[in-house]
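The exercises below go through the folds of two chains, their interface, two helix pairs and a few single residues. Each task is followed by a worked solution.

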Amino acid sequence: MNVIWMVLVCLSVLFAAVSGRIDEFTKALFEAGKAAVEVCMFLVGIVSLWLGLTKILEDCGVIYKMSNFFRPVMSLLFRNIPPGHPAITNITLNLLANVLGIGNAATPLGIKAMEDLQKLNPKPDTVSFEMMLFIVINTASVQLIPFTVIGLLASYGSQNPNRIMLPTFIATVISAVTAVGILLLYKKIYDRKG
Amino acid sequence: MEKLQQAFQYLIPLFIFFTIAYGFAKKTPVYESFVTGAKEGINIIIGIFPYVLAIFIMVKTFQASGAHDFFKGVFAAATGPLGLPPEVFSIGLVKPMSNAAALGIFTEILKTHGPDSLTSSIAAVIMGSAETTFYVIAVYLGAVGIRKSRYLVPVCLTADLVGIMVAVIVVRMLF
C-alpha cells in the first residue's frame, strides 16, 4: 500500500504540473477531505446499526446453537482433525461469525482456531494443510447480508439496494467452492514435487 | 430467479425480526445489547477515517491532475475486450489489501456512475463477496508465529481473481 500510495500521489503532482492543473490539484485535495468526512458520516450510522443487531445475536448465544448444526459438515472437510478436538468447534464458530458479519467476534475465534490447529501441526514454523484450508474458506466466505454495501447504495439514492444481495450470495458460494478446489489443485501439484 | 430475488428482499427485515424476537425469548436484554454493540460503531469509523482520507486524496488528485484520463485509455485498452469497466479493475486490486481503501473507491464509483449502474452493481458484489485476504493471512499466521506459508498466498490470490470474475459474470447474468 505504501508504494502504491506514494507512486500515485507523486504521479498526480507531476501530471498536474505538466498539464497546468495545479489549481485543480489543490482543490481536489480539499474536496478529498470533505468527501472522506461525508462517507464516514454515512458509515457511522450503518456500521453502528449492524453492530448493535449482531451484539444481540452474540449475547443470546445463537452462534453456539448453530455451530452444533454445522460441525458435522466441518468435520467432513477437516478430515485430519480428530473428532471432538476443540479446533473443529472454533473453526465452525469463526466461519459462522464471519457469515453473520460479527467481525469483532470472528477475529479472536479465528486466532483461537489457529492456535488449536498449531497444536496438531507437525512443523510449527510451516503452515499445515488444515490451516490453509481454514484460511482459504475464511477469506472466500463472507457475510450473508452485505449490510455496509447495501447501506451505502441506499445512501447514494439507489432505487433498490437490496437487489445486490442475491448476486453477492451466489458469487460468494461459487467463489468459496472454487477456492477450495484451487487449494486442492495446488496441493496435488506440490505433493508431486515433494 | 425473479421470485428468488424477491425472497432476498425480505432478508434484512426478517433478520432483524428474528434477532430481536429470539434474543427476547432467550431473556437477553435486547435493548441494552443493541446499544452496547452500536457504541462500538463510532470507534471503528474513527479507526478507518484516516485510511479513507488517504485513499480519497489519492483518487481525487489523480482524477484532477489529468493522470486519470491518461491512464484510463491504457486501462480501457486492456479491460475493454473483456467488457470490464476499468473501475472494477481498481476495486478488485485494492480489496484484498484494505477494506477502508476499497470502501473509498466504491463510494467514488457510486458517485460518478450512479448507484444503479452496472459498474456500481459489479463493484458492490465484489465489495460484498471478497475478503481482505492479505490482512487475514497476516493476522492468522502471525498469531501462531508461522513464517513459511508454502502455497497459501498463490492459492488465495488465484481464488480472489476467480471471485472477481465470478462477480462480474453473475451480475451480467442477473441484471
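**Exercise 1. Burial, content and dimensions of the chains**

Task: Describe chain A by burial, secondary structure and extent, then do the same for chain B.

Solution.

Step 1. Buried residues account for 45% of the 194 residues in chain A; a residue is buried if 20 or more other C-beta atoms, placed from the backbone, lie within 10 Å of its own, exposed if 12 or fewer, and partly exposed in between. The model is predicted: local features need pLDDT of at least 70 and side-chain atom pairs count only at pLDDT 80 or more, while totals for chains, interfaces and linings use all residues. Residues are numbered from 1 along each chain as its sequence is written, with chains lettered from A and ligands numbered from 1 in the order in which they are written.

Step 2. Chain A contains eight helices and zero strands; helices (H or I, at least four residues) and strands (E, at least two) are DSSP runs, numbered from the N terminus.

Step 3. The radius of gyration of chain A is 22 Å, whereas a compact globule of 194 residues would have one near 16 Å. The radius is taken over C-alpha atoms, and the globule rule is 2.2 Å times the number of residues to the power 0.38. Along the principal axes, the C-alpha atoms of chain A fill a box of roughly 65 × 45 × 30 Å.

Step 4. Of the contacts in chain A between residues at least 6 apart in sequence, 57% join residues at least 24 apart; a contact requires C-beta atoms, placed from the backbone, within 7 Å.

Step 5. Chain B has nine helices and zero strands, and 41% of its 175 residues are buried. Its radius of gyration is 20 Å, against a value near 16 Å for a compact globule of 175 residues. The C-alpha box of chain B is roughly 60 × 50 × 35 Å along the principal axes. For contacts in chain B between residues at least 6 apart in sequence, the share joining residues at least 24 apart is 64%.

**Exercise 2. The interface**

Task: Which helix supplies the largest share of the side of chain B that touches chain A?

Solution.

Step 1. The interface has 83 residues of chain B in contact with 82 residues of chain A.

Step 2. On the chain B side, at least two residues each come from α1 (2–9), α2 (11–25), α3 (30–64), α6 (99–113), α7 (118–129), α8 (133–143) and α9 (152–174).

Step 3. The largest share, 24 residues, belongs to α3(B).

Step 4. By type, this side of chain B holds 52 nonpolar, 22 polar and nine charged residues. Ala, Val, Leu, Ile, Met, Phe, Trp, Tyr, Cys and Pro count as nonpolar, Asp, Glu, Lys and Arg as charged, and the others, Gly among them, as polar.

**Exercise 3. Two helix pairs**

Task: Are α4(A) and α6(A) roughly parallel or roughly antiparallel, and which description fits α5(B) and α6(B)?

Solution.

Step 1. In chain A, helix α4 (residues 86–100) packs on helix α6 (residues 129–140) at about 15°, their axes 10 Å apart. Axes are lines fitted to C-alpha atoms, for helices over the stretch in contact, and angles run from 0 to 180 degrees between N-to-C directions.

Step 2. α4(A) is therefore roughly parallel to α6(A); angles under 35 degrees count as roughly parallel, over 145 as roughly antiparallel, 65 to 115 as roughly perpendicular and the rest as oblique.

Step 3. Ile91(A), Asn94(A), Leu95(A) and Asn98(A) of α4(A) meet Phe134(A), Ile137(A) and Asn138(A) of α6(A). These contact residues comprise four nonpolar, three polar and no charged.

Step 4. α5(B) and α6(B) pack at about 165°, with axes 9 Å apart, and are therefore roughly antiparallel.

Step 5. α5(B) contributes Glu87(B), Ser90(B), Ile91(B) and Val94(B), and α6(B) contributes Ala101(B), Ala102(B), Ile105(B), Phe106(B) and Ile109(B). Seven of the contact residues are nonpolar, one is polar and one is charged.

**Exercise 4. Positive phi**

Task: Where do Lys27(B) and Arg150(B) lie?

Solution.

Step 1. Lys27(B) is in the loop between α2 and α3 of chain B, with a positive phi near 60°. Lys27(B) is exposed because it has 8 C-beta neighbours inside 10 Å.

Step 2. Arg150(B) is in the loop between α8 and α9 of chain B, with a positive phi near 45°. Arg150(B) has 17 other C-beta atoms within 10 Å, so it is partly exposed.

Step 3. For reference, most residues other than glycine have a negative phi.

Key: Two residues are in contact if their C-beta atoms, placed from the backbone, lie within 7 Å.
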